[in-house]
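Work through the following exercises with the structure open beside you, and try each task before reading its solution.

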Amino acid sequence: MANTATLEIEGKKYEFPLIEGTEKEVAIDIKTLRGATGGYITLDSGYKNTGSCESAITFLDGEKGILRYRGYSIEELAEKADFLEVAYLLIFGELPTSEQLEKFHSDIKAHSVVDDDVKKILDAFPKAAHPMGVLSSLTSALTAFNPESVNVDSEEDMYNAIVRLLGKLPILVAWAMRKKKGLPLYYGDSSLGYVENILKMMFKQPNEDKYVQNPILVNALDKLLILHADHEQNCSTSTVRITGSSHAGLFASISAGISALWGPLHGGANQAVLEMLEAIKEDGGDTKKYMAKAKDKSDPFRLMGFGHRVYKNFDPRARIIKVAADEVLADLGVTDPILDIAKGLEQEALNDEYFVKRKLYPNVDFYSGIIYRAMGIPVEMFTVMFALGRLPGWIAQWREMRLRKEPIGRPRQLYIGETERSFKSISER
Ligand code: SDX
């Protein structure tokens, strides 16, 4: 492979190094572009062709539908690992030994409480508040009660901030849901596994003296959280990285990521998918009407849960979740007409010229909401569950950025506004 790329501008040639990654991807290193060319920059709205960093955490191949965390395939991890093991793998780079995993979990449990004053902040929210806004606010508010987690430079300080957040965020997730349902708020149960504890905090009923775990729900949630755990430089992860690049603390950076994930084009799509499927059901299952809306350029409607910036043949996570949706509904004895509508819509889209030409396939958000709904999770909580799954990935990416001492993110722009003009007094305007 040649080791440079040549750019010619007005007859002058400029050479830029080519960098090859471990999966044979190649990047043009343009860090000297502006200086070498006397001010030229690149322009790439939405960063569709621009790499923001070098990372060793997650590898995607959009053409082949490959997703690997630290070299392990998503298929193997979803089948053989549990969520806490995958969180450790993403953050520290290796699958943990049993001793390492036990210490990790014990350190997390040591921080699985939040200051009671957080409940006062939660109480100040109206019941109608969207749980993603509540979660983002409470995550940032944790900074006030854990000031030592803000200015972290040593790996030890980072570790302490990380286990604090892995212990506290599930409590905030459970409380956000229970606040919406008007249920009392419970702390976790340190005798339980990480995912079992989350389910108990979310679903223990006030009149129950003992919450009985349902292994189907535990396995389903564990798998869903693994499938959402990281996805290289997506919108919310890039938000976490650029926020952390100013040396803002971990909690503030994750709070920013939660806000970015909320958007319906990103993590908010799982809620939008269910609302779309419900609307189709109310419309008598008229999928053709919604397919037409999705193709109508004058209509802002998009077929939610379809399309992806990277995957152009299939999203491997959607394949795994689709099988899991069948299994979970069968195991729970739930028949959900929404699932049948989803499968019908998928078949229509897979055979529609507009979708096939644009390589629009179901993504991770298309089927996940069906499982969450079968588990009794309210639709407004779906994106919160995505955030809970993505937390270890966000943490891993933030930690990698800080350990690599990446510079503060500060993109350039192409100015297209007014050129210089003189001020006019109000009487002259
Ligand atoms: C996630 O980046 C990640 O990794 C994200 C994620 C993660 O794990 O972090 O995988 C999670 O966010 C999954 C995506 C969830 N979002 C949705 O399901 C919302 C619906 N999908 C889209 O809006 C869209 O497909 C995106 C945002 C996912 C991708 O958009 P791109 O890559 O910017 O593509 P585009 O908007 O340029 O679309 C290309 C063409 C356009 O048509 P033309 O102008 O070429 O005629 O495809 C069309 C678009 O109009 N198109 C769709 C469509 N998605 C793209 N048309 C109808 N329905 C859709 N869903």
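**Exercise 1.** In this predicted model, find which helices each supply at least two residues of the lining of the second largest pocket, and then describe that lining.

*Solution.* Begin with the helices: α2 (74-80), α3 (83-92), α4 (98-109), α8 (194-203), α9 (215-227) and α14 (316-332) each contribute at least two lining residues. Next, ask which of them gives the most, and the answer is α9, with six residues. The lining as a whole consists of 22 residues, and those nearest the centre of the pocket are Asp82, Val218, Asn219, Asp222 and Lys223. Sorted by character, the lining residues divide into 12 nonpolar, three polar and seven charged. The space in this second largest pocket comes to about 360 Å³.

**Exercise 2.** Determine the strand order of the open sheet of three strands, and name its edge strands.

*Solution.* The order is β4-β5-β6, and the pairing is antiparallel. The edge strands are β4 (58-61) and β6 (72-73), because each of these pairs on one side only. Looking closer, β4 pairs with β5 (residues 66-69) over four bridges, and leucine 60 has leucine 67 in β5 as its bridge partner.

**Exercise 3.** Describe the surroundings of the ligand, and give the distances of its contacts with histidine 266, glycine 305 and arginine 309.

*Solution.* The ligand is surrounded by 25 residues, the closest being His231, His308, Arg309, Arg317 and Arg390. This shell divides into 10 nonpolar, seven polar and eight charged residues. An N or O atom in the side chain of histidine 266 is 2.9 Å from a ligand oxygen atom, a backbone N or O atom of glycine 305 is 2.8 Å from a ligand oxygen atom, and a polar side-chain atom of arginine 309 is 2.8 Å from a ligand oxygen atom. Finally, the ligand taken alone exposes 1000 Å², of which the protein buries 79%.

Technical notes. Residues numbered from 1 in each chain as written. Predicted model: local features only at pLDDT ≥ 70, side-chain atom pairs only at ≥ 80, totals over all residues. Heavy atoms only, no water. 1 Å grid on protein atoms, 1.4 Å probe; cavity = no way out; pocket = protein on both sides within 12 Å on 5 of 7 lines; lining within 4 Å. Points joined across faces, edges and corners; volume = space filled by probe spheres on them. Nonpolar A, V, L, I, M, F, W, Y, C, P; charged D, E, K, R; others polar. Pairing = 2+ DSSP bridges. Near = heavy atom within 4 Å. Polar contact = N/O pair within 3.5 Å; in protein donor to acceptor, adjacent residues only side chain to side chain. Areas by Shrake-Rupley, 256 points an atom, 1.4 Å probe, with all protein chains shown as cover.
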